[in-house]
Amino acid sequence: MPKSTLLSSRMKKYAYRDTLEIYQDIPTSPDGLTLKQVETMREQYGANQLTGRKNDTLWYRLRRAFINPFTVILFVLAAVSLITDVLLVSDFSRNITTVVIICVMILISGTIRLVQELRAKNASDRLGRLIHASVTVKREGVLIDIPAENLVVGDLVFLSPGDRIPADLRLVKTQDLFISQAAVTGESAILEKDSRTSRYSEQLPIIQLKNLAFMATTVISGKGEGIVLAVGKDTLYGNFIRPDSEGSTAFQKGANSIAWVMLRFMMILVPIVFLVSGITKGDWVESFVFALSVAVGLTPEMLPMVITACLAKGSLSLSKKQTIVKNINAMQGFGSMDVLCMDKTGTLTNERILLEYYMDILGNESAKTLEFAYLNSYYHSGVRNPIDNAILACRTMPKQENVYAALVKRFQKADEIPFDYSRKFVSTLVTDENGMHELIVKGDIGQIFSHCSFVEYQGKVLPIEDSGFDNVTAIVDEMLEDGMKVIAIAHKSLGAQDRIVSADEKDLTLMGYLAFFDAPKKSAAGSVQALKKLQVRPKILTGDRAEIAVSICRRVEISVDWLMTGSEINQLSDEHLRSIVEQTDVFAELAPGQKVRILNALRENGHTVGFLGDGMNDIPALSEADVGISVDTAVDAAKDIADVVLLQKDLTVLEQGILEGRKTFSNMIKYIKITASSNFGNMLSIVCASAVLPFLPMTAIQLLLLNLLYDALCIILPWDNVDAEDMVTPRAWSGKTLGRFMCAFGPISSVFDILTFLFLYFILCPALCGGLTYTQMADSAMRAQYIAIFQTGWFLESMWTQVMILHLLRTRKVTFLQSRASNPVLLITLAGIVAFTLLTMTPLAAVLGLTRLPLLYFGFLLLMVLLYMLLTTAAKRVYQNRYHELL
Ligand SMILES: Nc1ncnc2c1ncn2[C@@H]1O[C@H](COP(=O)(O)OP(=O)(O)OP(=O)(O)O)[C@@H](O)[C@H]1O
Ligand SMILES: [Mg+2]
């Protein structure tokens, strides 16, 4: 039986059982599990984790570091050498140095990989912990808060508004519990859940069973308790999410596709190298080994690692700037983001809003309106939000404490229909001491109007048509235009009726309004300017009224020439919307789903879109955006789903994030493009050389060593500086520019390689070997000497130019004169060059087939490097004039 059916049958079984039976069956009790039971349960059903635990074991990491295509090729080379150099030869000429060297290389590269990955992982773990969700459970009769991943089957979990449900639960106690299952089913409707045992007669799909609550769904309002039935991957949610999200982002896909481009190149060129050198030299085994080494030399095997290192480095620097990057892959999204959608409250305006006026329908102060609103807020069990907080704050007004305390004593709560952003209003039913029930509704003006049939003025109730509707709204319009947030309050007497359903919310009596001061932050206008300067276009996506959106946007200088409301958007086709979103910067009166529609339209137009939001209504948009950004004060579920959490809800910290993202992105692109182009250059040189030379231009081992050195040096790149000019615009990854970059700069290095070949073959080697060229000599010792000089010559030239090119192409400006790499990069690359140059002068050189070269060579080398730098600098100019960018 497939796992998911197995799971649903277990969930179903308990949905139809009584609570007591379940306690016995699991076994647990209303006091929760004992600590011993917790251990047993964890052993039996596993931990509450979605990403496979396997990533965390040292064994898994070792395997990843040491077994990959790169090391596999090295192992093959070692095996070939073991056979040809050790097993098949006579005792005298046995030589195991190659095998040893290759093993050392495997060790070094594997260790570098392991260390880097562990560091990156530790960094992201540490950041993740800072904002981890905790759950309240009862164990051994005591309520405790534990991290969600410590939850086990049988635990008794307590739910409150705003919680993201941490596992699959059978509810055992509920009180007006409303849940949004959007994360699992995609539908935005809010469902009431209860703990009653389901009847077999009402056979329903598992997702509709009212006494089950599923992992990743969100508590909108009310309270509840439930027994954990399934954790981690066994949950419904765990069953359909991708097991490992690694490698799934657009950028990772891009990076993989580059690796593939390189591999395809290799698949064509490596066999050519093999055939050409086999035919010209006649030694097929050696040619095979050489071709394999070329393959290794050309693989950008450090690519995934350099990317991880860059991302981890970026997120670490951001954590020092009040910005926590939960998902390090979002770092690059930060860098390429060119549109930032945000909601209004707390971003442009202050987090706290203040109640300014409470009035009847004509704008006269009305304590009764406020009292009704107070009761509604007080008994509303949903996620606390700024509006309710502002209303409840009225009890701190001078001499009012007792008034409000008496009020809630007089009216008790009977029922509620929680606030939900698609309805935009909330109903509570209260009962007075005589058992008479009063329905109180508060919310969006438009929504409330449409449910009202009467208005109340100075104690008189009139039908709405007779009272002059325009008069009723005139007072509101004025306040909205001043940038105030206004909500309406209405009520209806229900007599003895003590439960409400949405059908009761009609023929209401409008009693008045509350107006709140929602002032823009002092820093808002400046931050908006800063975003624009960074070429990130700010767009406002608010659920609030159009008038207030306009008023606030004017004050912070966001263009309001065009404004769309939710209902206008509903009329548009997707295609039409795609063109509208390009011109419009302000969208108002949106339902949560409409925020997502706008966002997707922008993404389809090719933008990289960030979304900054903090409320329940922002959750779908946060999860859809390329970079979902939330704030520390946001509801848990929003923080949970966001990629980035700002510890300060202020656009100024965002600016830092964007800059850091662009820096990360630049350093990554630097590695990819430069490595690809210099590998391409080497490839060309090798093809040419193996066609005409009577021997190999470099031994397999030398090629591998060179490759290892270059890659090891590149690990320092995340710490490089990035020119300010490279950070002024958002940059999107495009494979298109890679090809032209490779073709422009790769062949330049080949030109110098070929010059070096000529110099070595016709001038230096003959000069040191008795004036003869290779083909003219017969003595094999002489020939070996000749080859060693040649190979050392190319080895050093290759290394020097590869390191130089890093410095040359990392900036658009003139290298060293106008822009220098960071000190660590300068130091490490210099050390690399010096160490390898000195290596040719040590006894180890002979083992590697290298030899000491005379001063004449170094003179030539300097000349080559100088010319190379000049030519590349000139090429850089031409390239930039043509394409207006470098990397
Ligand atoms: N607690 C509440 N009680 C009644 N009505 C509410 C409540 N919260 C929100 N509303 C109504 O829903 C509308 C939309 O909510 P809100 O303004 O929070 O949306 P938003 O998209 O998050 O806007 P913002 O950009 O200001 O954050 C409000 O204008 C208000 O009319
Ligand atoms: Mg909001």
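This is a short tour of the domains in a protein chain and of the surroundings of ligand 1. Keep in mind that you are looking at a predicted model.

**Stop 1: colour the domains.** Give each of the four ranges its own colour. Domain 1 covers 3-28 + 133-240, and domain 2 covers 263-311 + 665-883. Domain 3 is made of 323-349 + 521-647, while domain 4 is the stretch 354-517.

**Stop 2: where domain 1 meets domain 4.** Show just these two domains. Their C-alpha centres are 34 Å apart, and 10 residues of domain 1 are in contact with seven residues of domain 4. Now select β4 (168-180) and β7 (218-230): each supplies at least two residues of the side of domain 1 that touches domain 4. Which strand gives the most to this side? It is β7, with four residues. Try colouring this side of domain 1 by class, and you should find four nonpolar, four polar and two charged residues.

**Stop 3: ligand 1.** Centre the view on ligand 1 and bring up the 19 residues around it. D343, K344, T345, T542 and G543 are the ones that come nearest. Next, highlight α14 (386-392), β12 (425-431) and β13 (437-443), the elements that give two or more residues to the shell around ligand 1. By class, this shell has five nonpolar, seven polar and seven charged residues.

**Stop 4: step back.** Bring back your domain colours with ligand 1 still shown. Why does ligand 1 lie between domain 3 and domain 4? Both domains give residues to the shell around ligand 1, so ligand 1 lies between them.

Note on methods:
Residues are numbered from 1 along each chain as its sequence is written. Chains are lettered from A and ligands numbered from 1 in the order in which they are written. This is a predicted model: local features need pLDDT of at least 70, side-chain atom pairs count only at pLDDT 80 or more; totals for chains, interfaces and linings use all residues. Domain bounds come from an automatic or database domain assignment. Two residues are in contact if their C-beta atoms, placed from the backbone, lie within 7 Å. Ala, Val, Leu, Ile, Met, Phe, Trp, Tyr, Cys and Pro count as nonpolar, Asp, Glu, Lys and Arg as charged, and the others, Gly among them, as polar. A residue is near a molecule or strand if its C-beta atom, placed from the backbone, lies within 6 Å of it.
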